[in-house]
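Have the sequence and the model open side by side as you read. We will go from single residues to helix pairs, and then to the chain as a whole.

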Amino acid sequence: MRRERACAFGLCCFLSASAMTPAKAQSDGAASTCADIRAQLEEAQQYVHRNNLPRAIQVLRVAFDACPRSSAAGVELTKAYVAAREFREAERTAKKVLVFDPDSEAAQFLLAYSYFMQERFAETGNLLGPLLARHPENAGAHKLMGLTLFFYKEYVSAERELSIAHQKDPDDREAFYYLGRVYYTQNNFPPAVQVFSRLIALDPDDYKSSDNLALCYEAMGRNREAEALFKKAQESTKKKNAAYDWPYANLAELLIRQDRAPEAIPYASQALQIAPHSARNNYLFGKALAAKGEPEASVPYFQQAINLDSNYPEPHYALGQAYQKLHEAEKAQHEFELFEEIKKRLPTKKQ
């Protein structure tokens, strides 16, 4: 879960240009002096389709300011803010819509999504519960609830919500992907393998699914297949997302576990080059160096991992081992004690 949250944000696709749907220019009860804003909504949609979100927001803001009772303008402006990742503004606008249209399903969902993207998960869940009670057919709300529960490590409930989301919208690959992630996290590998295999069949360059299928195979002891899939995922990232470092880090970790540290170093180095501020990547590179018999060289990487994430226990233990090999017993003991302290503070994993 260390960086899982960052990978869930593909939900923005749900709210991007293709999601901006036609809507009536005025909601019921709008002021009689409110100008017809249909042309402005259509103009804004054209800007969104051309990826000119700042201009779309400008047009929609003028329209919503002129007609604050218009749910259509407010919802479309909220969508545009979400697509631009301006979540505070999205939250503010959705709340304005709900003042005049408290039953707006779209505004409630967008507000919940804005909370989610600000990592305000309690507020997300509190809003989604009543929303789903009134609109049980809303696949996007089930998906968002599933992701919220996933981050709370409520895996059984997350599985239920993501399964419902997939049933209601089989074309939503992200909901299906996270269902696979829930299966994997529960150590329920056969259905996880089925999910990721199906996603790869749909898109052979689905690098996240290849990476996760490799993790499943590794957990099942199928290391040769895992290694091949990690390498496949690496090739796919070069085509689709060169900033995605997980297949390099995961392969490095697999090779370290197999006592193949010299082979692990290039992959650990590549992961660190892509994401130098990742505590895990610094830890893995240090681990590879230490396993290769270079404890002194490993120390700065373990220290950097600790600096980047003070609640990450493993670098403390590895640093203690490195100090032991360097005959610095006092420093080693201190790191081992910190390792135990942090382990005790960590929440117990829920099944």
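In which helix is the place of Gln40? Gln40 sits in helix H1, which covers residues 38-49. Keep in mind as you look around that this is a predicted model.

**Two residues inside helices**

Gln40 is partly exposed, because its relative accessible area of 22% is not under the 20% that would make it buried. If you set aside neighbours within four places in sequence, Gln40 is in contact with Val59, Val62 and Ala63. The C-alpha atom of Gln40 is also separated by 7.0 Å from that of Leu60, a residue 20 places away along the chain.

Now move on to Thr124, in helix H6 (residues 121-134). Is Thr124 buried or exposed? With a relative accessible area of 0%, Thr124 is buried. Not counting residues up to four places away in sequence, Thr124 touches Ala112, Tyr115, Phe116, Leu144 and Thr148. For one of these partners, Ala112, the C-alpha atom is separated from that of Thr124 by 4.8 Å, with the two positions 12 residues apart along the chain counted as their spacing.

**Two loop residues with positive phi**

Next come two residues in loops. Arg85 has a phi near 65°, a positive value in a residue other than glycine. Lys153 is not a glycine either, and its phi is positive at about 65°. Here they are in a small table:

| Residue | Loop | Relative accessible area |
|---|---|---|
| Arg85 | between helix H3 (71-83) and helix H4 (87-100) | 42%, partly exposed |
| Lys153 | between H7 and helix H8 (155-168) | 24%, partly exposed |

**Two helix pairs**

How do helix H14 and helix H15 pack? Helix H14 (residues 261-274) and helix H15 (residues 279-291) have axes 9 Å apart and pack at an angle of about 160°. That angle is over 145 degrees, so H14 is roughly antiparallel to H15. H14 passes H15 in a left-handed crossing. On the H14 side, the residues that meet H15 are Ala261, Ala264, Ile265, Ala268, Ser269, Ala271 and Leu272. On the H15 side they are Asn281, Asn282, Leu284, Phe285, Ala288, Leu289 and Ala291. By class, this contact of H14 with H15 has 11 nonpolar residues, three polar and no charged.

The other pair is helix H7 (residues 139-151) with helix H9 (residues 173-185), whose axes come within 11 Å and cross at roughly 30°. Because this angle is under 35 degrees, H7 is roughly parallel to H9. The crossing of H7 and H9 is left-handed. H7 brings Lys143, Leu147 and Phe150 to the contact, and H9 brings Glu174, Ala175, Tyr178, Arg181, Val182 and Thr185. The residues in the contact of H7 with H9 divide into five nonpolar, one polar and three charged.

**The chain as a whole**

Finally, zoom out. How many helices and strands does the protein chain have? The protein chain has 18 helices and zero strands. Of its 351 residues, 52% are buried. Among contacts between residues at least 6 apart in sequence, 54% join residues at least 24 apart. The accessible surface of the protein chain comes to about 16800 Å², and 50% of that surface belongs to carbon and sulfur atoms.

Definitions and conventions
Residues numbered from 1 in each chain as written. Predicted model: local features only at pLDDT ≥ 70, side-chain atom pairs only at ≥ 80, totals over all residues. Heavy atoms only, no water. Axes fitted to C-alpha atoms, helices over the stretch in contact; angles between N-to-C directions. Helix = DSSP H or I, 4+ residues; strand = E, 2+ residues; numbered from the N terminus. Parallel < 35°, antiparallel > 145°, perpendicular 65-115°, else oblique. Left-handed = near helix turned anticlockwise from the far one by under 90°. Contact = heavy atoms within 4.5 Å. Nonpolar A, V, L, I, M, F, W, Y, C, P; charged D, E, K, R; others polar. Buried < 20%, exposed > 50% of the residue type's maximum accessible area, 1.4 Å probe, protein only. Areas by Shrake-Rupley, 256 points an atom, 1.4 Å probe, with all protein chains shown as cover.
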